[in-house]
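Reader: Please give me a close look at the strands and at what packs around them. Keep it brisk, and state each cut-off once.

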Amino acid sequence: MYYEQGLRQTEISSRLHLSASKVSRLLKKAASTGVVRTVVSLPAGVHAELEEQLERAYGLDEVVVTDARGSHEQVLSSLGAAGAAYLENSLTTGCVLGVSAWSESLMRVAQALPRLANAAVDEVVQLDGGAGHAAAQIEASQMLGLFATKMGAKPVVIPAPGVATNRTVHDALTDDPSVVEAMSRWRAVTVALVSVGSLSSSTLVRPGGTYASAHDLAELEKAGAVGDVCFRFFDAEGQAIRSAFDDRVIGMDLDQLRKIPRRIAVCGGSEKIEAIMSALRGGLASVLITDLGVAESLAAGDVG
């Protein structure tokens, strides 16, 4: 009567002339003796067991696995939708969101994010400068502005490139009052939204006028770099690679990132498996949003 007919306990009590407490005790006994069993049937596209496995294996607070395989475009679209849904449902009032300057997956998150009715975010702070050439810097600022607009938050932009041409330029830029002021807001960030790049997929190593030379890349690879977050390259254990290139980066370093209470990494694609695994080993993320192929490889400990 309770489980199959949907009657309330008070109705059952009346029909069977039993006390309400008697009905309650019988229902509890039915569950404890196995007469009634609860079975959770997950819908297609939900990977709760895999998510829990990754949380345990890498010490993560939360994992979201998107049901995406196949083309780069399919993975990006799925990551964008999942990242937007996660932010919409998890941001709390008064938080300060830090966003890494440029990433295809983060741009998809910004585009998929609906305008939030109740603004939970006070500020959206850029964690590193725009990547290299002018067009990339414009795109980075546009992405930050899109997040801020949809969240009803104040944007804080770093008016500088992500990587300076040399150390002298780096030092001059990071002494500029407007850059200093923007970077000072890093201390207030409570939630970081970042992506993970591999040595081959980083925005800095794509053609189009970026500041990573062939010599830079050779030095990074020789030093054991496998990926980057905020243009800060790290090794297989997720530890920072010290280099002349790193001295030119205008952005939050990995130790600063680790101090942020919640660090959300939105990243996927088979070419990034080793970089993502290394970032997780190094504690660079506390929340991972990734695609099914990457999740399965991480669970198996397979870097491809």
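Author: pLDDT is the predictor's confidence in each residue, on a scale from 0 to 100. The chain averages 87, and 89% of the residues score at least 70. This is a predicted model, in which local features need pLDDT of at least 70, side-chain atom pairs count only at 80 or more, and totals for chains, interfaces and linings use all residues. Residues are numbered from 1 along each chain as its sequence is written, and side-chain values use heavy atoms, leaving out hydrogens and water.

Start with the seven-strand sheet. The sheet is open, its pairing is parallel, and the strand order is β1-β10-β9-β5-β2-β3-β4. Strands here are DSSP runs of E with at least two residues, helices are runs of H or I with at least four, and numbering starts from the N terminus. Two strands pair if DSSP finds at least two bridges between them. β1 and β4 are the edge strands. Each has a single partner, so one side of each lacks a neighbour in the sheet. Neighbouring strands are turned against each other by 15 degrees on average, direction ignored. (Axes are lines fitted to C-alpha atoms, for helices over the stretch in contact; angles between N-to-C directions run from 0 to 180 degrees.)

Now zoom in on β1, β10 and β9. β1 and β10 pair in the parallel sense over five bridges. Within β10, T290 stands opposite V65. On the β9 side, β9 (residues 262-266) pairs with β10 (residues 287-291), also in the parallel sense, over three bridges. There A265 faces L288 of β10. Confidence in β9 is good to know: its mean pLDDT of 98 is the highest among the elements of the chain. Helix α6 (residues 134-151) has the lowest mean, 80.

How enclosed is β1? Four of its five residues are buried (under 20% relative accessible area, with exposed over 50% and partly exposed in between, using a 1.4 Å probe and protein chains only). The strand is therefore largely enclosed by the rest of the structure.

Two helices cross this part of the sheet. Helix α4 (residues 72-90) lies across β1, β5, β9 and β10. Its direction makes about 150 degrees with β10. α12 lies across β1 and β10, and runs at about 115 degrees to β10.

L288 deserves a stop. L288 is in contact (heavy atoms within 4.5 Å) with L60, E62, V63, V64, A265, C267, I276, L280 and L298, not counting residues up to four places away in sequence. One of these, C267, is buried at a relative accessible area of 1%.

L288 also belongs to the largest nonpolar core, a set of buried Ala, Val, Leu, Ile, Met, Phe, Trp, Tyr and Cys residues joined through side-chain atoms within 4.5 Å. That core has 44 residues. V229, L288 and L298 touch the most other members. Elements giving two or more residues to the core are α3 (48-58), β1 (62-66), α8 (177-184), β5 (191-194), α10 (254-258), α11 (273-281) and α12 (292-300). α11 gives the largest share, six residues. A second, separate core has 33 residues, including L113, A148, L193 and I289.

α11 leads to the other sheet. This open sheet has three strands in the order β6-β7-β8, with antiparallel pairing. β6 (197-198) and β8 (232-234) stand at the edges. Each has a single partner strand, so one side of each is left without a neighbour in the sheet. β7 (residues 227-229) runs antiparallel to β8, and three bridges join them. G227 has F234 of β8 as its bridge partner. α11 packs on this sheet and touches β6, β7 and β8. The direction of α11 makes about 90 degrees with that of β8.

One caution applies. Over residues 205-209, pLDDT stays under 50. The model has ten contacts beyond four places in sequence for that stretch.

Finally, the far side of the seven-strand sheet. Past the edge strand β4 (154-156), V163 is found in the loop that leads to α7 (167-174). V163 is buried, with a relative accessible area of 0%. Its C-alpha atom is separated by 5.4 Å from that of R248, 85 residues apart along the chain.
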